[in-house]
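Trainee: I am new to this structure and would like a close look at a single part of it. Could you pick one strand and walk me through its surroundings?

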Amino acid sequence: MEVAMRPRTRVLAAVGMAAGLLLMSSCGEDSSSTADDPSTASSSPTSDSGWPACSDVWVDGGTIPKSYKGCVGDDGTEVKADKQTCSSGQVLVTYDDSFYGVVGGPVNQADSLKTDSGYKGARTACLA
């Protein structure tokens, strides 16, 4: 019987991690979000790409726009999205070793993505 339970345990663990990633992204599904609303755009720098300012997107608790492809730094430099496509079809993005989240979901801030357990869990769930 012990052998029969191991695959179930792995499946339950994978489902639990996937559910955690989905929960992390579900907070960003509010249609009243201002992240995609052009009327709330700031006077921060933009580029020919039309990308938003990084300082507007990467705010702890904010929402990563569903159309996120990158952002523009304070110096006008375009920063292409650092992304990982998840097995669930979601896209996990990171910025500046301090921010992460799934496209359309909330921005999470960490001291360092290299050591943050929340980011490590999200990345593991993404790749599961």
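Trainee: Before we zoom in, what does the accessible surface of the chain come to, and what percentage of it belongs to carbon and sulfur atoms? After that, please take me to β4 and what lies around it.

Mentor: Happy to. The accessible surface of the chain comes to about 7,900 Å², and 53% of it belongs to carbon and sulfur atoms; such areas come from the Shrake-Rupley method with a 1.4 Å probe, and for residues only the protein chains shown count as cover. Please keep in mind that this is a predicted model, in which local features need pLDDT of at least 70 and side-chain atom pairs count only at pLDDT 80 or more, while totals for chains, interfaces and linings use all residues. Residues are numbered from 1 along each chain as its sequence is written, and side-chain values use heavy atoms, with hydrogens and water left out.

Let us set the scene. The chain has 3 helices and 6 strands, which follow one another from the N terminus as α-α-β-β-β-β-β-β-α. Here helices (H or I, at least four residues) and strands (E, at least two) are DSSP runs, numbered from the N terminus. Of the 128 residues, 33% count as buried, where buried means under 20% relative accessible area, exposed over 50%, and partly exposed in between (1.4 Å probe, protein chains only).

Now to β4, which covers residues 91-95. This strand is mostly covered, with 4 of its 5 residues buried. β4 belongs to an open sheet of 4 strands in the order β3-β4-β5-β6, with antiparallel pairing. β3 and β6 (108-109) stand at the edges with a single partner strand each, so one side of each is left without a neighbour in the sheet. Strands of a sheet pair through backbone hydrogen bonds, either parallel or antiparallel. In this model, two strands pair if DSSP finds at least two bridges between them.

Look at the β3 side to begin with. Strand β3 (residues 82-85) pairs with β4 in the antiparallel sense over 4 bridges, and Gln-84 has Leu-92 in β4 as its bridge partner. The hairpin of β3 and β4 has 5 residues between the strands, and in it Gly-89 takes a positive phi near 100 degrees.

On the β5 side, 4 bridges join β4 to strand β5 (residues 99-102), again with the strands running antiparallel. Tyr-95 stands opposite Phe-99 in β5. This hairpin has 3 residues between its strands, and Asp-96 in the turn has a positive phi of about 55 degrees. Helix α3 lies across β3, β4 and β5, running at about 150 degrees to β4; axes are lines fitted to C-alpha atoms, for helices over the stretch in contact, and angles run from 0 to 180 degrees between N-to-C directions.

Next, the side chains. A nonpolar core is a set of buried Ala, Val, Leu, Ile, Met, Phe, Trp, Tyr and Cys residues joined through side-chain atoms within 4.5 Å. The largest one has 11 residues, among them Val-93, Tyr-95, Trp-58, Tyr-68 and Phe-99. Both α2 (54-57) and β4 supply at least two residues of this core. A second, separate core of 9 residues includes Leu-92, along with Cys-86, Ala-110 and Ala-122.

Val-93 is a good residue to click on. Leaving aside neighbours within four places in sequence, Val-93 is in contact (heavy atoms within 4.5 Å) with residues including Trp-58, Ile-64, Tyr-68, Phe-99 and Val-103. Tyr-68 lies in the loop between α2 and β1 and, at 9% relative accessibility, counts as buried. Beyond four places in sequence, Tyr-68 touches Val-57, Trp-58, Val-79, Ala-81 and Val-93. Tyr-68 and Val-103 are 35 residues apart in sequence, yet 6.9 Å apart in space, C-alpha to C-alpha.

Finally, the cysteines. The structure holds 2 disulfides, each a pair of cysteine sulfur atoms within 2.5 Å. A disulfide joins Cys-86 to Cys-126, S to S 2.1 Å. Cys-86 lies in the loop between β3 and β4 and Cys-126 in helix α3 (residues 117-127), so the pair ties together parts that are 40 residues apart in sequence. Cys-86 and Cys-126 are both buried. Cys-54 and Cys-71 form a disulfide too, with their sulfur atoms 2.0 Å apart, and both of these cysteines are buried.
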